[in-house]
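Thanks for asking me to look this one over. My notes follow as numbered points, for you to read alongside the coordinates.

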Amino acid sequence: MADLVKRQHFVPRTYLKHFSEQSGDKYFIHALLSDGTEAEKIFSSNITNVAFERHLYTLPGETIEQQMAVEKLYSDELEVHYDSIYKILTDSKKTEITSEE
C-alpha cells in the first residue's frame, strides 16, 4: 500500500454495499444523523461518506507501510473475501460448504 489512507471505515464499504442501492459504480444507503428522529430527515448518502473516521486504524510509524499495517491487514485478509463469503451465506440453494470455500 503506497498511500496513506485517511478515511478509514469502521463499517467496511464491502459490507455496506449489500444494504445499498447501486447507481452506476456508486452505492447509496438511506441515512439519518445520529441526533435525528424524524422520517423526513432521512437522506441518501454514498457509502464512501458514512461510517468512517479519519485515521481510525493509522498506527505510529516512520513509513507509510508501518502506519497502514492494520488497514492493510483488514483489506488483504478480510475485506477482499467478504463478497464471496456473503454470496455463499445468502445462497438459499447452498446446503454445504466445501473445504476450499
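**Notes on the predicted model**

1. At 33% relative accessibility, L59 counts as partly exposed, because that value falls between the 20% and 50% limits for buried and exposed. Please keep in mind here and below that this is a predicted model. L59 sits in the loop that runs between β5 (52–54) and α2 (64–67). If you want a pair for checking the overall layout, try L59 and T98: they are 39 residues apart in sequence, and their C-alpha atoms are 37 Å apart in space.

2. A second such pair is S45 and E77. Along the chain they are 32 residues apart, and 27 Å separates their C-alpha atoms. S45 belongs to strand β4. Is S45 buried or exposed? With a relative accessible area of 8%, S45 is buried, since anything under 20% goes into that class.

3. Two backbone angles deserve a look. Most residues other than glycine have a negative phi. A51, although not a glycine, has a positive phi of about 55 degrees. A51 is placed in the loop between β4 (43–46) and β5, and its relative accessible area of 22% makes A51 partly exposed.

4. The other angle belongs to H55, where phi is positive at about 60 degrees although H55 is not a glycine. H55 is in the loop between β5 and α2, which is also where L59 is placed. H55 counts as partly exposed, at 32% relative accessibility.

5. Now for the charged pairs. Side chains of opposite charge can pair when their charged atoms come close. How many salt bridges does the structure hold? There are three, and the next points take them one by one.

6. K17 forms a salt bridge with D83, with 2.9 Å between the closest N and O atoms. K17 lies in the loop between α1 and β2 (21–23), while D83 is in helix α3, so this pair ties together parts that are 66 residues apart in sequence. Both partners are partly exposed: K17 has a relative accessible area of 24%, and D83 stands at 30%.

7. K72 and D76 make a salt bridge through their side chains, at 2.5 Å from N to O. Here the two partners both lie in helix α3, four residues apart, which is about one turn of the helix. K72 is partly exposed at 37% relative accessibility, and D76 is partly exposed at 34%.

8. K94 and E101 form another salt bridge, and their closest N and O atoms are 3.1 Å apart. At 29% relative accessibility K94 counts as partly exposed, and E101 falls in that class too, at 42%.

9. Next, the largest pocket, which you may want to open in your own viewer. The space in this pocket comes to about 320 Å³. Its lining is made up of 16 residues, and H9, R13, T14, E71 and E79 are the ones that lie nearest its centre. The elements giving two or more residues to this lining are β1 (7–9), α1 (13–16) and α3 (69–90).

10. Which element gives the most to the lining of the largest pocket? The answer is α3, with four residues. As for the character of the lining, seven residues are nonpolar, five are polar and four are charged.

11. Finally, the surface. I85, L89 and I97 make a nonpolar surface patch of about 320 Å². I97 is found in the segment after α3. Is I97 buried or exposed? I97 is exposed, because its relative accessible area is 56% and the limit for that class is over 50%.

12. To pull the threads together, helix α3 comes up in several of these points. Helix α3 holds D83, the partner of K17, as well as both K72 and D76, and α3 gives the most to the lining of the largest pocket. If you only have time for one part of the model, I would happily start the conversation there.

Technical notes. Residues are numbered from 1 along each chain as its sequence is written. This is a predicted model: local features need pLDDT of at least 70, side-chain atom pairs count only at pLDDT 80 or more; totals for chains, interfaces and linings use all residues. Side-chain values use heavy atoms; hydrogens and water are left out. On a 1 Å grid over the protein atoms alone, a cavity is a set of points where a 1.4 Å probe fits but cannot get out, and a pocket is an open set with protein on both sides within 12 Å along at least five of seven lines; lining residues have an atom within 4 Å of a point. Grid points are joined across faces, edges and corners, and a volume is the space filled by probe spheres set on the points. Ala, Val, Leu, Ile, Met, Phe, Trp, Tyr, Cys and Pro count as nonpolar, Asp, Glu, Lys and Arg as charged, and the others, Gly among them, as polar. Patches are made of residues with over 30% relative accessible area and no salt bridge: like charges are joined within 9 Å, nonpolar side chains (Val, Leu, Ile, Met, Phe, Trp, Tyr) within 5 Å. Accessible areas come from the Shrake-Rupley method with a 1.4 Å probe; for residues, only the protein chains shown count as cover. A salt bridge is a side-chain nitrogen of Lys or Arg within 4 Å of a carboxyl oxygen of Asp or Glu. Buried means under 20% relative accessible area, exposed over 50%, partly exposed in between (1.4 Å probe, protein chains only).
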